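This briefing goes through selected local features of one protein chain, grouped by topic. Please keep the sequence and the structure open while reading.

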Amino acid sequence: MPLCRLLETQGASTLRVTVIEIKGTGDRRALAAHLGALADFDLVIFTSANAVRFGASLLDQQRDLTLAAIGPATARALNQAGYRVAVQPSGNFDSENLLNHPRLEHMAGHRVLIIKGSNGRALLERELARRGAQVVTADVYRRVPATLSDTVLAALLESFNMGAVQVITATSLEIAAHLLDMATPALRREFERVHWLLPGDRIAADVRARGLSAPILRADSAEDHDLVAALMRWRSSTSGA
């Protein structure tokens, strides 16, 4: 995992726990046939790097489509697949900031395809439709909660009891929520004793609403370098105290 490797180069030790699995959905040929000619869309939006991983094949090597990416990681994935990104947000990398892009301001009469995961946020779809766009969505992957065995949960608790964990990193609300949901009462108590490293105020607020009172370190985004930078700032402040 790139984030873990980056943290380890900064001297941190990492413990990796998979709580969400990503799986492709449906038949690509059937989905492509349902969508029709992509050239008929004025804009194709990818909402994540996973959307690129499972949905880039829908582009069928068409290089003249106008593509939008929700952030740098998604744009990089498209670039690595051989596609140029015309639209991406500045500032925070989320639906709200993508919607602030000038290219998405006047959408009346435009056809927009959103390639995304199932059960994701519907903000882009709703707001673009409100602005007059004809919006079509293509769900190309789904998030499946992983099942952690009693043995894994016991080993995780032991790591906390030994003081081996000072920070929990969750790069999305879904990951954070599943961590909280799957925790035993003893683990849940340990979760409150460490810091949580989260991307942005929205996820931090949502986790608070779920009852977490542990101290939160806010990164500017879910980008690896922003998460590491937030952790390094915290480590520097505590070492200098």
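Asp27 caps the N-terminal end of helix H2, which covers residues 28-35. The contact behind this cap runs from a side-chain oxygen of Asp27 to the backbone nitrogen of Arg29, at 2.8 Å. The model is predicted, and the values below are computed from it.

**Ends of helix H2**

- At the N-terminal end of H2, the capping residue is Asp27.
- Just after H2 comes Gly36, with a positive phi of about 80°.

**Loop between H3 and E3**

- Helix H3 (49-55) and strand E3 (67-69) are joined by a loop that contains Asp60.
- Gln61 lies in this loop between H3 and E3 as well.
- Asp60 is not a glycine, yet its phi is positive, at about 55°.
- Gln61, also not a glycine, has a positive phi of about 65°.
- Asp60 counts as exposed because its relative accessibility is 56%, and the cut-off for exposed is over 50%.
- Gln61 has a relative accessibility of 52% and therefore counts as exposed too.

**Sheet E6-E7-E8**

- Three strands make up an open sheet with parallel pairing, in the order E6-E7-E8.
- Its edge strands are E6 (167-169) and E8 (216-219), each of which pairs on one side only.
- On average, neighbouring strands of this sheet are turned by 25° against each other, with direction ignored.
- Strands of a sheet pair through backbone hydrogen bonds, in either a parallel or an antiparallel arrangement.
- Between E6 and E7 (residues 195-199) there are three bridges, in the parallel sense.
- Val167 has His195 of E7 opposite to it.

**Glu223, between E8 and H11**

- Which loop holds Glu223? Glu223 sits in the loop that runs from E8 to helix H11 (224-239).
- Is Glu223 buried or exposed? With a relative accessible area of 8%, Glu223 is buried, because the cut-off for buried is under 20%.
- Which residues does Glu223 contact, once its neighbours within four places in sequence are left aside? Glu223 is in contact with Pro72, Ala73, Arg76 and Phe93.

**Loop residues in summary**

- Asp60 is an exposed residue in the loop between H3 and E3.
- Gln61 is likewise exposed, whereas Glu223, in the loop between E8 and H11, is buried.

Methods: Residues numbered from 1 in each chain as written. Predicted model: local features only at pLDDT ≥ 70, side-chain atom pairs only at ≥ 80, totals over all residues. Heavy atoms only, no water. Helix = DSSP H or I, 4+ residues; strand = E, 2+ residues; numbered from the N terminus. Buried < 20%, exposed > 50% of the residue type's maximum accessible area, 1.4 Å probe, protein only. Pairing = 2+ DSSP bridges. Axes fitted to C-alpha atoms, helices over the stretch in contact; angles between N-to-C directions. Polar contact = N/O pair within 3.5 Å; in protein donor to acceptor, adjacent residues only side chain to side chain. Contact = heavy atoms within 4.5 Å.
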